[in-house]
Amino acid sequence: MNAPVDVSFFARAAKPLTSYRKYWAARFGTAKFLPTTRKEMEALGWDSCDIIVVTGDAYVDHPSFGMSVIGRMLEAQGFRVGIIAQPDWQSAEPFMALGKPNLFFGVTAGNMDSMINRYTADRKIRSDDAYTPGDVGGSRPDRAAIVYSQRCKEAWNDVPIILGGIEGSLRRIAHYDYWSDKVRRSIVVDSKCDLLLYGNAERAIVEIAHRLAAKEPVQQITDVRGTAFVRRETPEGWFEIDSTSVDEPGRVEAHVNPYLMVSDQAKANGATCAKEEEAEAVAKAAEAAGSAAGSVVNPAIKPLNFVPNPALQGRGKTKVPPRERSVIRLPAYEQVRSDPVLYAHANRVLHLETNPGNARALVQAHGEGTTARDVWINPPPIPLTTAEMDHVFDLPYARSPHPRYADENGSHDGATKIPAWEMIRFSVNIMRGCFGGCTFCSITEHEGRIIQSRSEDSIIKEVEAIRDSVKGFTGTISDLGGPTANMYRIGCKSPEIEAACRKPSCVYPGICQNLNTNHDPLIKIYRRARALKGIKKILIGSGLRYDLAVQSPEYVKELVQHHVGGYLKIAPEHTEQGPLTKMMKPGIGSYDKFKQMFEKYSAEAGKKQYLIPYFIAAHPGTSDEDMMNLAIWLKKNGFRADQVQTFYPSPMATATAMYHSNRNPLRKITRESETVDIVRGDKRRRLHKAFLRYHDANNWPLLREALKSMGRADLIGNGKHHLIPTWQPLTDGGYTSARRKNSTAAPVAAKAAPVKLAPVKPSKGRILTQHTGLPPRDNGSGTGSAARKPSGPVRGNIRKPR
């Protein structure tokens, strides 16, 4: 079966990845693993590297790891690429291990933002790191992209620094930094990189590598889409649109008194009615003409001639500059740092300019006087076509961690196991992008909202490669998905509308009438994949967009009856409209509709299966009453959430702008804009989290106090309809979450020994979620413990709950 031909605007808008003439080093061929030491370079016959990729993750040669995709992509273009993974950043020496690169350093903090990787939502340091052998924390510094860039400059000052990855993408303009609670400068300025590549960078990195190889100075490479850099002034030929302020004062007019005549209104304003003046003038002129008949007309009085302005012909009333030569000037760093309203305005403008089909360049000033310079951000990269996606995923990945991480038995399953690798070991990524637009999520800002899908043949080829070559495979594919499980080949019905649309979401507040919701291509892949010889089970581990899924009952039936291994995770996030409108999520009614279909098809198949709903505590726009109502809903439906997600303000997300500015950037920002209820302070954040874990006895004292102050003491009692009981058991003050290493330890009294509680066994027949009490699922790894973890690092990004 041949791959479908792309006919969209984006398929015609960029040079294909495979059309470049290969660099001379292509004669060396491909390496089983890209070299990480001089010894490995020598074994390949290399005397130097053309490009060295520095990353904060362990080196896993797999298409779900960014450094491997970029490395293999450049290798396919004929360049010699080396990898420096998780270097000791205390000095520049580890950055010199592979020698001086001939072209540039490629720097990334890794698949996750380094600050989110190292800190919990409560700003506590994590003791684990899923991208490090042995799951040990501390292998990367805070703000790793900046630190690595500085060390590369120390090692070789004249080598260009090309910065990429999600940490760079989310910090390309001045951004609110949750960990320091202030607005920081663009990472382009702080890292002193020569170029920042944001989003999926294959197209940009290939073009830049070939231009640098052709001896073009990096300072002259300013026209590549998806890049940001520093420049001193706007070049000639560009139209600058000033968007540095809000609420420009305009003409002020008094309210009209409806009881006054027109002439009275004019007199009240110190003038006379124009119509009365005109009538009087005509009468006087007629009288003068009658009395002075035959007199000579004044030659100085001539009629006015109006001619059209030739500069505006064919352009309506105003001349609109072409988008490809327009740049929007955002409020300067100094402005957004001190003015939260302007910060919200800048965030809104940034998100409006994210469609590659119509986005304009952005510029933001940093510094004043002699230190002033602009951070220039080119429009987003053109999405990859299906053929290009196939090319990226068909590269010769080893699909394994580098041998340097093997244990004494030569295995990666023991003490040196890399959890992130374990999670995607038997999974297949079938697409990129997400058009959901959830305000708390960073996937759309990084990967874009145009869905980029692989061909069916390419996906099946990877499933067969896992079956035939990946050690430990038992017949189960753990995931066939992507950022969202069911957006494969879904997009706008019209290429013209797709290229012109500026909506932040295709499914909020409802599903767009121009969106194709056909799930048939996905159903076909599911059926073809599970029919392969040696494949026992195909599971769907990616989050599901259930409001989209219910548009295709056949898809829901296929999914529920063949691809759910005991439980399916979805994310309503909340039950109340207040927070849901700030999240851009559908109402709980969509969840109920999907739940009915899920239970119906599970019963038809004779299977006991469970939905795992995820919820967010302390999201902007969430009141204490909203969380109370959510807790009531949870108890009514028999849910006891163990693993709770508290809102985490990631850089550049719309919800983070709400958190910092108290304004709603989903609407036009003015000084009188709608304010948003923000959950700040440890006490209130703990309260919202406690409502999600209403069943935990350690939270009952806090909840009792809150319910009484809210006037809802009626929810305190010992009946089934009460939220929490009046009695308080003896507890140790702590609990063990699904991520045990990050659990809060119980305080130990000085004189009393801590009380050890026996684990509470779920009562027979009770529905549990996410969390506790679910039957273990076989994920193909042969271990039960991994299957019981419903969440964790997701390929390439911050986890996106849906």
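**The edge of the big-order sheet**

Work out in which sense strands β10 and β11 (residues 326-329) pair, parallel or antiparallel, and over how many bridges. Then place the two strands in their sheet.

*Solution.* Start with the pair: β10 and β11 run in the parallel sense and are joined by four bridges (two strands pair if DSSP finds at least two bridges between them). One spot to look for is D242, which sits opposite R329 in β11. A quick word on what you're looking at: this is a predicted model, where local features need pLDDT of at least 70 and side-chain atom pairs count only at pLDDT 80 or more, while totals for chains, interfaces and linings use all residues. Residues are numbered from 1 along each chain as its sequence is written, and side-chain values use heavy atoms, with hydrogens and water left out.

Now zoom out. The open sheet has 10 strands in the order β3-β1-β4-β5-β8-β9-β13-β12-β11-β10, with mixed pairing. β3 (81-85) and β10 (239-242) have a single partner strand each, so one side of each has no neighbour in the sheet. From one strand to the next, the twist averages 25°. Strands here (E, at least two residues) and helices (H or I, at least four) are DSSP runs, numbered from the N terminus.

**A covered strand**

Find the neighbours of β4 (residues 104-108), and decide whether its faces are covered or open.

*Solution.* Take the partners one by one. β1 (residues 51-55) runs parallel to β4, with five bridges between them, and T55 has T108 as its bridge partner. β5 (residues 161-163) also pairs with β4 in the parallel sense, over three bridges; there, F105 is matched with I161.

Next, check burial (buried is under 20% relative accessible area, exposed over 50%, partly exposed in between, using a 1.4 Å probe and protein chains only). Five of the five residues in β4 are buried. F104, G106 and T108 cover one side, F105 and V107 the other.

**Two helix crossings at α19**

How does α19 (residues 553-562) meet α21 (residues 588-604), and how does α17 (residues 520-530) meet α19?

*Solution.* Begin with α21. Its axis and that of α19 come within 9 Å and cross at roughly 55° (axes are lines fitted to C-alpha atoms, for helices over the stretch in contact, with angles from 0 to 180 degrees between N-to-C directions). That makes α19 oblique to α21 (under 35 degrees is roughly parallel, over 145 roughly antiparallel, 65 to 115 roughly perpendicular, and the rest oblique). The crossing is right-handed: the near helix is turned clockwise from the far one by less than a right angle, whereas anticlockwise would be left-handed.

Which residues touch? On the α19 side they are P553, V556, K557, V560 and Q561, meeting F594, M597, F598, Y601, S602 and E604 in α21 (contact means heavy atoms within 4.5 Å). Sorted by class, that gives seven nonpolar, two polar and two charged residues. Ala, Val, Leu, Ile, Met, Phe, Trp, Tyr, Cys and Pro count as nonpolar, Asp, Glu, Lys and Arg as charged, and the others, Gly among them, as polar.

Now turn to α17. Its axis and that of α19 come within 9 Å and cross at roughly 25°, which makes α17 roughly parallel to α19. This crossing is left-handed. D520, L522, I523, Y526, R527 and R530 in α17 meet E554, Y555, E558, L559 and H562 in α19. The class count is five nonpolar, one polar and five charged residues.

**A three-strand sheet and a buried helix**

Lay out the sheet that holds β22 (residues 610-617), then say what packs around α12 (residues 386-393).

*Solution.* The sheet is open, ordered β21-β22-β23, with parallel pairing. β21 (567-573) and β23 (645-646) are at the edges with a single partner strand each, so one side of each lacks a neighbour in the sheet. Two bridges link β22 to β23, and I616 stands opposite Q645. Helix α24 (residues 682-692) lies across both strands, at about 165° to β22.

As for α12, six of its eight residues are buried: T386, E388, M389, D390, V392 and F393. These pack against α2 (66-76), α7 (202-213), β15 (427-429), β16 (431-432), β17 (452-453) and α15 (456-469).
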